[in-house]
Amino acid sequence: MASIFQPWINKSIHKKPTTNFLRKTHPVCQISTLQTSPEQTPFPEEKLVIVGGTTLSGHVNISGSKNSALPILAGTLCCSGPSKLHKIPNLSDITTMMSVLRSLGVRIEVLSNGEVIVDTDGVSCFEPCSDLVSKIRGGFFVLGPILARFGEAVVALPGGCDIGARPIDLYIQGLRSLGAVVEVKNGKVCAHAANGRRLVGGNFLLGYPSVGATETLMMAASLADGKTVLSNVAKEPEVVDLAEFLNASGASVEGAGSSTLVINGKKRLHGSEHTVIPDRIEAGTYMIAAAITRSCFSMSPVIPLHVSSLVEKLSAAGCRIRQSKSNGFEISAVPSKSSLRGFDVRTGPFPQFPTDLQPQLMALLTTCTGTSSVEESVFEGRMRHVRELEKFGARIQVCGSTALIYGKERGSTLYGSRVTATDLRCGASLVLAGMAAEGITEVEGVIHIDRGYEDLEMKLNGLGARISRQNVLIPSAVA
Ligand SMILES: CC(=O)N[C@H]1[C@@H](OP(=O)(O)OP(=O)(O)OC[C@H]2O[C@@H](n3ccc(=O)[nH]c3=O)[C@H](O)[C@@H]2O)O[C@H](CO)[C@@H](O)[C@@H]1O
Ligand SMILES: C=C(OP(=O)(O)O)C(=O)O
């Protein structure tokens, strides 16, 4: 289908953005809330029904990264003219993010194969629909770009996984150091450039290398007057991906991937073409799926550096992991049948072990030998999966931020159960446990899983799993 924004490739089009901000809330806001993404549709509520005990084989394709696509979609707001993005995953969080952008007057065309064209030239207000922003974490990432490009922004407090308090103090302090006046009123962040026009470059040391605060400040500084130095920033691959998108759009961001960013602000950025990196958390989830089902299969594309902390742990447990040009990443847990060894793990900012793989890894550890420990150092509330894993018969003891997982001497101890996903990665860990368990498992709260896994059950079934999606009103198969 021909793009209505053709020729998007003309990077030199700098149409003047519409700056009539009198109408603060765009009417699209009302339309967007009626659009049907799984996140927004109250019915039907669904569950995944899993027949456990299957062995997986074959190859699985890894989608583009949710946590890269979200800030990059926000980053298009920094750019005059259309941007063409590749490998945007088909997820409910992405649908919600697109609705957030549309509520500002952004035009978005979704093509096939994860290609999306985003044109922000029609932006006609600086306050995105609050109902949409508060559904996801990524919606809040529009704050920095809107403020930097238009000198003013009103953005509702963010949503996202319920895994801790998730404050936004670093965003606020950082934006203030770039010359913004920021206050929180009635559940919204209201910000404007102190000089009434543009942010100004400044120095800011983040008290913690927050991913979202780093991304927000990077986008804001890209359009500020002068130079910004951000210290103790997040080094996550998604931060690097955003920097690459911004630089392709004419920004000057140096140091992405290290703990200091130096950003020379530009008067304007132009649209560009960018391919989102593969989702390292999705890839990691499939690697753990191979381990927990004691299977062997391959996956691609995977960037080895992005999964190195997981590879190290799985190798220590006894899995074999190989890379081949033709097949991508191949993980095998077959020769170690029933004897994967438990280990200790602590989550932390990249390159440490990712918190977004902690619940899935804990599910694996319940099937390994010996006693393992998992320390969650990033989110204080990310242990809600423990109660659900216990329903499979897992023995886990939580002490503060550390869980002790008592494995057993031989094979899986898990039995199919009826469980509920309380957040995205909790949902993934329950699906993994269900595949390893004896009997049938039902996972409710699928809405959380759909936020971040593209075609999860279709991809797993393609590897040999037996998972079906059913309406929760269908009588339960688990006693
Ligand atoms: C959409 C997206 O990209 N989500 C990811 C992003 O979330 P998100 O960007 O929200 O995570 P952060 O890196 O900001 O949070 C890490 C820690 O910093 C704290 N904090 C954060 C900001 C702040 O202003 N003050 C503060 O204290 C948080 O409460 C948390 O304890 O990074 C997390 C850490 O890798 C991942 O788990 C999420 O999947
Ligand atoms: C915590 C996560 O997402 P979000 O920050 O969007 O809630 C996640 O992807 O595991």
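**Two ligand shells and a helix pair**

Visitor: Which residues come nearest to ligand 1 among the 22 residues around it?

Guide: This is a predicted model, and in it 22 residues surround ligand 1. The elements that contribute two or more residues to this shell are α2 (66-75), α6 (169-177) and α7 (211-222). Those that come nearest to ligand 1 are Asn67, Leu170, Ser210, Val211 and Gly212.

Visitor: Where does ligand 1 lie with respect to domain 1 and domain 2?

Guide: By class, the shell around ligand 1 holds 12 nonpolar, six polar and four charged residues. Domain 1 (46-61 + 279-471) and domain 2 (66-275) both give residues to that shell, so ligand 1 lies between them.

Visitor: How many residues of the shell around ligand 2 are charged?

Guide: The residues around ligand 2 include Asn67, Cys161 and Leu424, and among them are also Arg137, Asp356 and Arg425. Each of domain 1 (46-61 + 279-471) and domain 2 (66-275) supplies at least three residues to this shell. Divided by class, the shell around ligand 2 has four nonpolar residues and four polar ones, while the number of charged residues is three.

Visitor: Is helix α9 roughly parallel or roughly antiparallel to α11?

Guide: Helix α9 (residues 280-292) packs with helix α11 (residues 358-365) at an angle of about 5°, their axes being 10 Å apart. Because angles under 35 degrees count as roughly parallel, α9 is, relative to α11, roughly parallel.

Visitor: Which residues in α11 are met by Thr285, Ile288, Ala291 and Ile292 in α9?

Guide: The residues of the contact of α9 with α11 comprise six nonpolar, two polar and no charged. On the α9 side they are Thr285, Ile288, Ala291 and Ile292, and in α11 these meet Gln360, Leu361, Ala363 and Leu364.

Note on methods:
Residues numbered from 1 in each chain as written. Chains lettered and ligands numbered in written order. Predicted model: local features only at pLDDT ≥ 70, side-chain atom pairs only at ≥ 80, totals over all residues. Axes fitted to C-alpha atoms, helices over the stretch in contact; angles between N-to-C directions. Helix = DSSP H or I, 4+ residues; strand = E, 2+ residues; numbered from the N terminus. Parallel < 35°, antiparallel > 145°, perpendicular 65-115°, else oblique. Contact = placed C-beta atoms within 7 Å. Nonpolar A, V, L, I, M, F, W, Y, C, P; charged D, E, K, R; others polar. Near = placed C-beta within 6 Å. Domains from an automatic or database assignment.
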